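Here's a quick briefing to read with the model open beside you. Have a look around first, then come back for the notes.

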Amino acid sequence: MDALTGLLDQPRARGAFLLRSMLTPPWSLRIEDEAPLSVVTMARGEALVVPDNGEATWLRPGEVAIMRGPEPYTICDAPGTEVQIVIHPGQRCTSLDGTDMGGTLLPGVRTWGSDSGREDIMLSGTYQMHSEVSQRLLGVLPTMMVHPIGAGERPLVDLLSVEIVRDQPGQELVLDRLLDLLVVTVLRSWLASPEAPTPAWYRAQRDPVIGVALQLLHGDPAYQWTVANLAAKAGVSRAALARRFTELVGESPMKYLANWRLTLAADLLAEPGATVGNVARTVGYGSAFALSTAFKRVRGVSPLEHRKVTLGQISA
């Protein structure tokens, strides 16, 4: 497994909220759903995405916006349009004064709003559970990014536009996987762009020596790696590996491995049926106690406390 695969191994949507919104100008939506990750693209018309702490950005057909939660944002047809609808956790919709607004469902499914042929059309997909998106990925992403749809993403957007209004057996699964594929494809393209603020470990994978070491660590984190056996497989001396790894990645190989194991553990603990013992063995700790000690030292909570909080977010 290379570093990019490890980063994009999630998202894995499970019953994601997908919607085609038909919006008659002037319109403005306030998004306060606290979702870990949301994707928006315009099938017709333009939208202005306004984060609470950041610069407003236009979203035009041919572009995809990815928003990292839980920070709220507003999306509207034009600057200054007053908010009409607030989206809360669980996709509950209210007016500004808190009045519930169910919206108008058109014939078919997953469509909200009116349809006179003059509306802006927005497609949106929301990962509703924190366990669906790797915390390592969320740590790399800006609060908001708008990226042009490339040749590889265009067919996915077109297919999502068609499938989002279909009602067939297994449709939820189809939409989940389409959303996953679109997100991964867009993020892969964004990470490859020069302007992306990628972390040092991501850039280091291009190095002929450190790239090999990173691939080994990501491919088998449970292996009992040492600087010596890692250097041997990378074809350099221990001193050379340690020096170059620290220089390019910003931390030593063993510290990087420890952090990677704990990151994997944090994601795995959110999986249904996970136990601390099973997770410990999967990521390379000899016992549940060893994982618990390291986890609490670095993250300030025990694995069980982390699991309880994460599952609470999922069920909320």
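Among contacts in the chain between residues at least 6 apart in sequence, what percentage joins residues at least 24 apart? It comes to 72%. Bear in mind that this is a predicted model. The chain carries 12 helices and 12 strands. Its radius of gyration is 22 Å, close to the 20 Å that the globule rule gives for 316 residues, so the chain is as compact as a globular protein of that length.

**The chain as a whole**

- Taken along the principal axes, the box filled by the C-alpha atoms is roughly 70 × 40 × 40 Å.
- Buried residues make up 48% of the 316 in the chain.
- The accessible surface adds up to about 14700 Å², and carbon and sulfur atoms own 55% of that.
- On the charge side, you'll find 29 positive and 33 negative side chains, with 11 Å between the centres of the two sets.

**Helix H9**

- H9 covers residues 253–268, which makes 16 residues.
- From first C-alpha to last, H9 reaches 22 Å, close to the 22 Å expected at 1.5 Å a residue.
- The buried residues of H9 include the aromatics Tyr-256 and Trp-260, and also Leu-257 and Leu-262.
- Charged side chains turn up in that buried set too, namely Arg-261 and Asp-267.
- The rest of the buried set is Pro-253, Thr-263, Ala-265 and Ala-266.

**Helix H12, with one buried and one exposed residue**

- His-306 sits in H12, which runs over residues 303–315.
- Is His-306 buried or exposed? His-306 counts as buried because its relative accessibility is 16%, and the cut-off for buried is under 20%.
- Leaving out residues up to four places away in sequence, His-306 touches Ala-266, Leu-269, Phe-295 and Val-301.
- One of those partners, Ala-266, is itself among the buried residues of H9.
- Val-309 belongs to H12 as well, but at 51% relative accessibility it counts as exposed.
- The cut-off for exposed is over 50%.
- Val-309 and Ala-270 are 39 residues apart along the chain, and their C-alpha atoms are separated by 9.2 Å.

**Loops with backbone quirks**

- Pro-25 and Pro-26 are joined by a cis peptide bond, with omega at about 0°.
- Pro-26 lies in the loop that links strand S1 (17–23) to strand S2 (28–31).
- Another cis peptide bond joins Gly-69 and Pro-70, this one with omega at about 5°.
- Look for Pro-70 in the loop between strand S6 (63–68) and strand S7 (73–76).
- Glu-34 isn't a glycine, yet its phi is positive, at about 60°.
- Where is Glu-34 found? It is in the loop between S2 and strand S3 (37–44).
- Glu-34 has 47% relative accessibility, so it counts as partly exposed.

**Asn-229 in helix H7**

- Asn-229 has its place in H7, which spans residues 227–234.
- Which residues is Asn-229 in contact with, leaving aside its neighbours within four places in sequence? They are Tyr-223 and Gln-224.
- Asn-229 and Asn-278 are 49 residues apart along the chain, with 25 Å separating their C-alpha atoms.

Notes
Residues are numbered from 1 along each chain as its sequence is written. This is a predicted model: local features need pLDDT of at least 70, side-chain atom pairs count only at pLDDT 80 or more; totals for chains, interfaces and linings use all residues. Side-chain values use heavy atoms; hydrogens and water are left out. Helices (H or I, at least four residues) and strands (E, at least two) are DSSP runs, numbered from the N terminus. The radius of gyration is taken over C-alpha atoms; the globule rule is 2.2 Å times the number of residues to the power 0.38. Buried means under 20% relative accessible area, exposed over 50%, partly exposed in between (1.4 Å probe, protein chains only). Contact means heavy atoms within 4.5 Å. Accessible areas come from the Shrake-Rupley method with a 1.4 Å probe; for residues, only the protein chains shown count as cover. Lys and Arg count as positive and Asp and Glu as negative; His and the chain ends are not counted. The place of a charge is taken as NZ of Lys, CZ of Arg, CG of Asp or CD of Glu. The expected span of a helix is 1.5 Å times one less than its number of residues.
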